[in-house]
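Thank you for asking me to look over this structure. My notes are set out as numbered points for someone who has not seen it before.

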Amino acid sequence: MRRKYLLQILFWLFVAGVMSQNGTAQAANVYRVNRYGELTYYSGSPSVTIRSDTSAIYDHAFDGVRTTRFSVSSGNPYFKSIGGVLYSKDGTLLLRCPTEKTGSVTIPSTVKKISAGAFKDCSKLSRVFIPDSVNVIGEGCFENCSALHSARISGRLDKIPDDCFEGCSSMTSIVIPASVHEIGDSAFNRCQSLKNVSLPDSVKSCGSRVFAECVELTTVRVSKNMDTIGSRSFQNCTSLKTVSNTGGIEDIGNRAFYNCVNLQTMNFSDKLDRIGWQAFRNCVALGTVLIPRKTERIDKDAFMGAASRFVVDGSNPNYASTNGMLMSESKETLIQAPVMEKGSLKIPNGTKRISSNALVNGQYSSISLPEGITEIYKRQFKNCDKLKTIYLPASLMNIRGSGYDSYDLGLNSLEKIAVPKGNTAYQSVDGAVYTADGKAMVFYPYGRKGSLRLPDACKKIGGQMQENKLSSISVSSKNKYFTSVHGVLYDLRGKKIKCFPMNKKTYKIPKTLKSIDYLNRVKEDMKCKAIQVASGNKTFYSKGGVVFEKGSHTLAFYPTKKKGSYKVPVSTRYIDSRAFKEAHYLTALTITKNVSRSGGTTYYFDRCRNLKKIDVKQGELNYISMSFSGCNKLKNISFPSNIMTTDLWGLPEGVTIRGWQNTQAKESAERAKGKFVSLGTIPPVITGGRVKKIIDKYQLSWNASRGASGYQVYTVYNTIADLKGSGNTTCFIKDIYEYDTIYIRAYRIVKGKKVYGKAKAVSI
């Protein structure tokens, strides 16, 4: 029997040795060949041997494998290896280069074709020399060769295929030989170091995204024999300034120059027929755009957010221009305003329609709409962030988009929207637009400062005033729907806030207010350093400018601009989960002993960007949950021994947590890649926890814990009993069904303070 066990031990030692030699972390080799002799899938060793039963290799057979070398079995008649690179037996086809190949590669002059993806993901390869013997390169041949800075292309190549050099982010220049007639889709996409491109006149076509995301590209010369610039060809080429030799271009594809923010000039030839959708969107540096006489089609938003002036050839039968604006041939529709032009924009008389994005991103200080316009959408003014005044016509009957606010529209400078007295649908009061009867606010000037007075008939303002710059909002005593107290707008009975002026720096909650939910919704933009509460208010009271709920003694609202450190009053029983959210100037917080957990409360400290320290005192809290999104300055948190579980989210890296061994404080510090400072070791967990019913009560009992000064019986919400003495190990409870889980733990007195042990959950 003893010999049998000895043999088993020796066997497993042998297996362990083999695994150690082969590397236990390395995946097992998988080599799949289908019935046609094609290698379809490979995983395992980076040094690959092509077996004798393999006659072909699938394009994606080695995807995801970081290969170091290819070799060929001696019995294989189809392949060979030179310097670890895989070729066909006759040397005319290069199939695979190992992805870990470093430095430069010179392809032999016997090679006539390079397979698709042959050099894909060779991220350490710096240079490739392709001889003139090569006349075909497969798709994605050099894709993601991120270190490749130089490639000499064969002079016999007719086509640069799709994805050929995509993701070659180190390539600074490329010389395309005169033999090339076609360049495929995404051929140079994401070549982020490429600075200049000159296409030889042999090139007749380029695919979509051919130079997209080439962020360093500054100049491009296109071929005189090209008639199309493909869709997204130069999308996000943010450094591109000049495109030359465009005399043969008849079609500019969708988003061809999208977001080319430095493109200054673009010369269109007389042959230009179409400009595609968003072709020049966000080309903010584009100056004067000349539309030639033969252009038949300018697609929607072709120049959205671009150009400082439009001039249309007088003989063009499809389009016209007036005062630098691109118009329809009849001049009844404004197609695109020159949004980079500054100052005042006066849309010409006779205009009846404005295209949806014709004004978007405009740099104007004022816009005047002509008589004849009957309908507008607020979003037509989107991101006109310098716009101060809008002049509406008497003919306007519909303003669409009542749900928008300043964040949606970006109209943060808009101070006034003027409506002439002759308009029968709307009126303007204090620069805001209302329905003609004054009952509903329709369009609010989001940049208005100072005070605003509502019409006497107004009963609806919606949510568009939520982000305002006002210091006061008033309404007369004749208004039947709102009341104003010290510049704050309430419902008529004063029980709910309807709009708070965000530039108001002091605020006193009136005695009638019952809800501060509105303040929590707009807290981030409030300017108050302190909030007071009228003495007659039955719902709230304040201490030191902080708002509390009566009855429950809940800390409900900490002002956004209140500076410095703060210690929660000892009278506080609960803290609202949102109380400290957006407290931008809070630097340190102390949570005192009488604070208890309320339900599943998580304390949110989101965007408390100056918070450096939190100190939780020993007391009622046995569990704590906190969220710290945006608290990048937080350095120190301290937890007492009675908080066993610390559920912390969004901790900044490097935070120091002071706590006790065998609690979750140490784990929280480790997750944040921070430091744990031990305050000591807590007592061990108690044993023998049990429940027994005696007549009409339930008895909890447990074994005495050596060295204990007493025991605590509690739930996650409150303490049930605190028992002194190590031998006091029973506790009576009237009804166990009131509790989800009951915990028992020992404590000992250290320097006059209780140090709690690890809790034991008692099954009930």
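The points below take up two parallel sheets, then a set of antiparallel strands, and end with a patch of surface charge.

1. Please keep in mind throughout that this is a predicted model, and that every strand, pairing and angle mentioned here is computed from that prediction.

2. One open sheet is built from three strands in the order E9-E11-E13, and the pairing within it is parallel. Its edges are strand E9, covering 103–106, and strand E13, covering 150–152, each of which pairs on one side only. On average, neighbouring strands of this sheet are turned by 15° against each other, with direction ignored.

3. Within that sheet, strand E11, made of residues 125–129, runs parallel to E13 and is joined to it by three bridges. For a reader who wants to find this pairing in the viewer, Phe129 is a useful place to look, with Arg152 in E13 as its bridge partner.

4. Another open sheet has four strands, ordered E29-E31-E33-E35, again with parallel pairing. Here the edge strands are E29 (343–346) and E35 (416–418), and each of them pairs on one side only. The average turn between neighbouring strands of this sheet is 15°, direction ignored.

5. Inside the four-stranded sheet, strand E31 (residues 364–368) and strand E33 (residues 389–391) run parallel and are joined by three bridges. Which residue of E33 is the bridge partner of Ile367? The partner is Ile390.

6. Further along the chain the pairing is antiparallel, since strand E41 (residues 482–485) is joined to E42 in that sense by four bridges. Phe482 stands opposite Asp491 in E42. The two strands form a hairpin with two residues between them, in which His486 takes a positive phi near 50°.

7. E42 also pairs with E43, again in the antiparallel sense, over two bridges, and Tyr490 has Ile497 in E43 as its bridge partner. The hairpin of E42 and E43 has five residues between the strands, and Gly494 in its turn has a positive phi of about 75°.

8. The loop between strand E42 (488–491) and strand E43 (497–499) is also where Lys496 is placed. Lys496 belongs to a patch of positive charge on the surface, where it gathers with Arg493, Lys498, Lys514 and Lys538.

9. As a general reminder for reading the points above, strands of a sheet pair through backbone hydrogen bonds, in either a parallel or an antiparallel manner.

Note on methods
Residues numbered from 1 in each chain as written. Predicted model: local features only at pLDDT ≥ 70, side-chain atom pairs only at ≥ 80, totals over all residues. Heavy atoms only, no water. Pairing = 2+ DSSP bridges. Axes fitted to C-alpha atoms, helices over the stretch in contact; angles between N-to-C directions. Patch = residues over 30% accessible without salt bridge, like charges linked within 9 Å, V, L, I, M, F, W, Y side chains within 5 Å. Areas by Shrake-Rupley, 256 points an atom, 1.4 Å probe, with all protein chains shown as cover. Salt bridge = Lys/Arg side-chain N within 4 Å of Asp/Glu carboxyl O. Lys, Arg positive; Asp, Glu negative; His and termini not counted. Charge placed at Lys NZ, Arg CZ, Asp CG, Glu CD.
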